Amino acid sequence: MHLAEINVGRLRHPIDDPRIADFADNLDRINALAERSEGFLWRLKDDSGNATHISAFDDPLVIVNLSVWESPEALHAFAYHTVHRGFVQRRTEWFEGFDGPYLALWWVAPGAWPDAAEGRRRLAHLQSVGPSAYAFHFRKLFDPAPGIEPLVEPDATPGDVRYRSGG
């Protein structure tokens with residue numbers, strides 16, 4: 001089994017706004033670093049090479065990152081032990097705070113590439129019931145188990161992201 005991850009954020013300003021430039025101008029560099037990282041398998045992207053223009057939610061300021069890794073350790077090493085960590089630490093400069101989870105992890109079969117709708121369902125499930133084998137986070141990992149079903153069927157419509165305005 002491989003590890004899928006989704007993380008979302010609501011930009012404080014449109015992606016082409018100068019106040020977001022330091023984030024936007026480094027997307028290609030950070031995405032290339034991810035793709036070269038040990039354990040990286042796949043990431044959602046469009047013809048531009050990133051996912052900032054993929055409409056995963058009704059709100060155009062909500063952007064999505066979706067990827068698949070060989071293991072939680074590989075993803076964690078990229079996220080927190082490379083230059084990517086500096087961007088994680090600066091998240092509040094570019095993104096508003098969320099009232100619920102903005103990151104969800106789950107297991108997928110080798111070669112399975114989830115879509116944004118699947119990621120939304122996992123985030124909604126994590127919001128509804130907390131960490132489970134269906135959707136979890138780094139602080140509470142679950143072992144791979146094929147065929148895990150959700151504990152509840154949350155409403156995962158495109159507008160379900162909750163954020164704190166001005167936070």
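Student: Let me pin down my terms. Buried means under 20% relative accessible area, exposed means over 50%, and partly exposed is in between (1.4 Å probe, protein chains only). Which is Arg10, buried or exposed?

Tutor: Arg10 is buried, with a relative accessible area of 12%. Before we go on, this is a predicted model, where local features need pLDDT of at least 70, side-chain atom pairs count only at pLDDT 80 or more, and totals for chains, interfaces and linings use all residues. Residues are numbered from 1 along each chain as its sequence is written, and side-chain values use heavy atoms, leaving out hydrogens and water.

Student: Got it. Which side chain does Arg10 meet in a salt bridge?

Tutor: That of Glu96, at 3.0 Å from N to O. The two sit in distant parts of the chain, 86 residues apart. Arg10 is in strand β1, while Glu96 is in the loop between α5 and β4 (97-98). Helices (H or I, at least four residues) and strands (E, at least two) are DSSP runs, numbered from the N terminus.

Student: And Glu96, is that one buried or exposed?

Tutor: Buried too, because its relative accessible area is 9%.

Student: How many salt bridges are there by this rule?

Tutor: Nine. The rule asks for a side-chain nitrogen of Lys or Arg within 4 Å of a carboxyl oxygen of Asp or Glu.

Student: What does Arg90 pair with?

Tutor: Asp22, through a salt bridge of 2.5 Å, N to O. Asp22 lies in helix α1 (residues 21-24) and Arg90 in the loop between α4 and α5, so the bridge ties together parts 68 residues apart in sequence.

Student: How accessible are those two, Arg90 and Asp22?

Tutor: Arg90 is partly exposed, at 28% relative accessibility. Asp22 is partly exposed as well, with a relative accessible area of 36%.

Student: Let's switch to Glu35. Where does its salt bridge go?

Tutor: To Lys45, at 3.1 Å from N to O. Glu35 belongs to helix α2 and Lys45 to the loop between β2 and β3, so this pair ties together parts that are ten residues apart in sequence. Glu35 counts as partly exposed at 34%. Lys45 is partly exposed at 43%.

Student: Which residues do shared salt-bridge partners join into one network?

Tutor: Arg10, Asp59 and Glu96.

Student: Back to α2, then. Which of its residues are buried?

Tutor: Leu27, Ile30, Asn31, Leu33 and Ala34. Looking down the axis of α2, they fall within an arc of 155 degrees, so they line one face of the helix. The arc is taken over directions from the helix axis to the C-beta atoms.

Student: Why would residues three or four places apart point the same way?

Tutor: Because an α-helix has 3.6 residues a turn.

Student: What sits on the face of α2 turned away from the buried side?

Tutor: The exposed residues Asp28 and Arg36.

Student: And what covers the buried residues of α2?

Tutor: The cover includes α1, β2, β3, α3 and α4.

Student: Pick out Asn31 for me. Where does it lie?

Tutor: In helix α2. Asn31 counts as buried because its relative accessibility is 10%.

Student: What is Asn31 in contact with, leaving aside neighbours within four places in sequence?

Tutor: Arg43, Gly49 and Asn50. Contact here means heavy atoms within 4.5 Å.

Student: Last one. Which side of α2 should I look at for Asn31, the buried or the exposed?

Tutor: The buried one, where Asn31 is listed with Ile30 and Leu33, among others.
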